[in-house]
Amino acid sequence: MLLLRLAWLLTAAALCSLLLLLLLLLHGHLLTGGQLVAGTCEIITVDRDSSQPRRTIARQTARCACRKGQIAGTTRARPACIDVRIVRNRTWCAMTPCLDDEGCDLLTNRSGWTCTQPGGRVKTTTIESEINSSKLPSSSREVS
């Protein structure tokens, strides 16, 4: 009987420790007081312009808290922290900006990239302002 009580006591202590560890891990990933966890991004604004036929221009603004050596970028069509060398070298497809079923190609002047869907629809993303080592320029996405 004493061994059974000891086993229950050890099991309860292990579960409490596991629960405490889980709570600490979750606390580190939650947004608190308007601050982002390092290495994460959130979309602030989205603006779509469909005034031209067969063309939609979409702009979005994201806020990121990137780690050292990272900068705000796009991964799988979502804002993300990426390696700063991708931006400096303008090797946009290295950040995997397109969805899994899309193909990525650099624009000839390296000012952006295109994501080609299996049906042939092309999404073009261009960088509007000069590359600055301290921040990622705003971008616009044109869907044709």
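Visitor: In this predicted model, does Arg-85 count as buried or exposed?

Guide: The threshold for the exposed class is over 50% relative accessible area. Arg-85 has 54% relative accessibility, so the residue counts as exposed.

Visitor: Which residue forms a salt bridge with Arg-85?

Guide: The closest N and O atoms of the pair are 2.6 Å apart, and a salt bridge requires a separation within 4 Å. The partner is partly exposed, with a relative accessible area of 28%. The residue that pairs with Arg-85 is Asp-83.

Visitor: How many salt bridges does the model contain by this rule?

Guide: Side chains of opposite charge can pair when their charged atoms come close. Among the pairs are Asp-83 with Arg-85 and Glu-42 with Arg-63. By this rule the count of salt bridges comes to four.

Visitor: Which strands are linked by the salt bridge between Glu-42 and Arg-63?

Guide: The closest N and O atoms of Glu-42 and Arg-63 are 2.7 Å apart. Glu-42 counts as partly exposed at 24% relative accessibility, and Arg-63 counts as partly exposed at 33%. The two residues are 21 residues apart and link distant parts of the chain, namely strands E1 and E2.

Visitor: How many bridges join E1 to E2?

Guide: Strand E1 covers residues 40-49 and strand E2 covers residues 56-65, and the two run antiparallel. Within this pairing, Val-46 has Gln-60 as its bridge partner in E2. The number of bridges joining E1 to E2 is nine.

Visitor: Which residue in the hairpin of E1 and E2 takes a positive phi?

Guide: Six residues lie between the strands of this hairpin. The phi angle in question is near 55°, and the residue that takes it is Arg-54.

Visitor: Where in the chain is Glu-102 placed?

Guide: Glu-102 counts as buried because its relative accessibility is 10%, where buried means under 20%. Leaving out residues up to four places away in sequence, Glu-102 touches Cys-115, Thr-116, Gln-117 and Lys-123. Its place is in the loop between helix H2 (84-89) and strand E5 (103-106).

Visitor: With which side chain does that of Glu-102 meet in a salt bridge?

Guide: The N to O distance of the pair is 2.8 Å. The bridge links distant parts of the chain, since the partner lies in strand E7 (residues 122-127), 21 residues from Glu-102. The partner is buried, with a relative accessible area of 10%, and its name is Lys-123.

Visitor: How far apart in space are Lys-123 and Thr-56, C-alpha to C-alpha?

Guide: Lys-123 lies in strand E7. In sequence, Lys-123 and Thr-56 are 67 residues apart. Their C-alpha to C-alpha distance in space is 9.6 Å.

Visitor: Which element gives the most residues to the largest nonpolar core?

Guide: In soluble globular proteins, nonpolar side chains tend to be buried together. The largest nonpolar core has eleven residues in all, including Ile-86, Trp-92, Met-95, Trp-113 and Cys-115. Helix H2 and strand E6 (112-116) each supply at least two residues of this core. With three residues, the element that gives the most is H2.

Visitor: Which residues are in contact with Ile-86, leaving aside its neighbours within four places in sequence?

Guide: Ile-86 is one of the residues of the largest nonpolar core, as are Trp-92 and Met-95. Beyond the excluded neighbours, Ile-86 is in contact with Thr-91, Trp-92, Ala-94 and Met-95.

Methods. Residues numbered from 1 in each chain as written. Predicted model: local features only at pLDDT ≥ 70, side-chain atom pairs only at ≥ 80, totals over all residues. Heavy atoms only, no water. Helix = DSSP H or I, 4+ residues; strand = E, 2+ residues; numbered from the N terminus. Buried < 20%, exposed > 50% of the residue type's maximum accessible area, 1.4 Å probe, protein only. Contact = heavy atoms within 4.5 Å. Pairing = 2+ DSSP bridges. Core = buried A, V, L, I, M, F, W, Y, C linked by side-chain atoms within 4.5 Å.
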